[in-house]
Amino acid sequence: MAPRPKLTRLQKKKQEREREREERREAQEAEVHSRRTRREAERRRKEDHEREEEERLIAEEEALQNLRDEKKRLEEEEYAKWVDAIGLEERGELGDEEHMRRETLIAFLRERAVEVDAREEHQQKQTERVAQPSPTTAVRAADESARNILVLGDVAREYGVTVEVLVKVIETLLADGVISGVFDDRGKFIFVAEAHYLKLALFIQQRGRVSVKELVRECNRVVLS
């Protein structure tokens, strides 16, 4: 067998250049494939994130709508309960004395709403300044929280009106945005301060997706805490 002819230096350089060119081509193809793979993975991650965010927003809106519907249903049931218990009476124009009682009642409700808002704002500032409240502070806060609640029967007797009239006055003030709150199923009205709504919004923002039951539980905790 004849020996293979030796390559000249020029031939060796040519082979070396071809080998380097092939290696560069393979490296470039690998880089292109890697970039394409990364872009595809990033696109899928972005689509997944957008889909999850959209689902979260939809779930939050559904939860809030369910909470609003539940609140409206409870208020309607509570109002119907009081109407059934007391009975509706047709009344003519209000006399001066009854008109005065209603005006006094409205003033009381407006003042209590302002007081609840101011107290909640003050309590929020105190909480931010004091890391650990003292037992005395906790007791005082509990006593003040009780002022968020009106027992409808007691207030009606105090101002010389029927519970039916009181409920109608409160509903009018609620519709006009003068006060904010909810009726419960035990003949009470609970004032809800602006700070309470901010806490609920923060709760939803921190928790992300929440159920209606969680929202209702947090609402009760915030308002009565």
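This report looks at salt bridges and one helix in a predicted model.

Let's start with the charged pairs. The structure holds 14 salt bridges, and three of them are set out here.

| Salt bridge | Closest N to O distance |
|---|---|
| Arginine 44 – glutamate 40 | 3.4 Å |
| Arginine 56 – glutamate 53 | 2.5 Å |
| Arginine 157 – aspartate 154 | 2.4 Å |

Helix α1 covers residues 9–86, and because arginine 44 and glutamate 40 sit four residues apart in it, about one helical turn separates them. An α-helix has 3.6 residues a turn, so residues three or four places apart point the same way. Arginine 44 is partly exposed at 41% relative accessibility, and glutamate 40 is partly exposed too, at 29%. This pair doesn't stand alone: Glu40, Arg43, Arg44 and Glu47 are joined in a network of salt bridges.

Arginine 56 and glutamate 53 are also in helix α1, three residues apart, or about one turn. Here arginine 56 comes out at 23% relative accessibility, which counts as partly exposed, and glutamate 53 is partly exposed at 30%.

Over in helix α4 (residues 152–158), arginine 157 and aspartate 154 are likewise three residues apart, about one turn of the helix. Arginine 157 is exposed, with a relative accessible area of 62%, while aspartate 154 is partly exposed at 40%.

Now for helix α6. Its 14 residues, 194–207, reach 20 Å from the first C-alpha to the last, close to the 20 Å expected. Its buried residues are Ala195, His196, Leu200, Phe203 and Ile204. Right after α6 comes glycine 208, with a positive phi near 80 degrees.

Conventions. Residues numbered from 1 in each chain as written. Predicted model: local features only at pLDDT ≥ 70, side-chain atom pairs only at ≥ 80, totals over all residues. Heavy atoms only, no water. Helix = DSSP H or I, 4+ residues; strand = E, 2+ residues; numbered from the N terminus. Expected span 1.5 Å × (residues − 1). Buried < 20%, exposed > 50% of the residue type's maximum accessible area, 1.4 Å probe, protein only. Salt bridge = Lys/Arg side-chain N within 4 Å of Asp/Glu carboxyl O.
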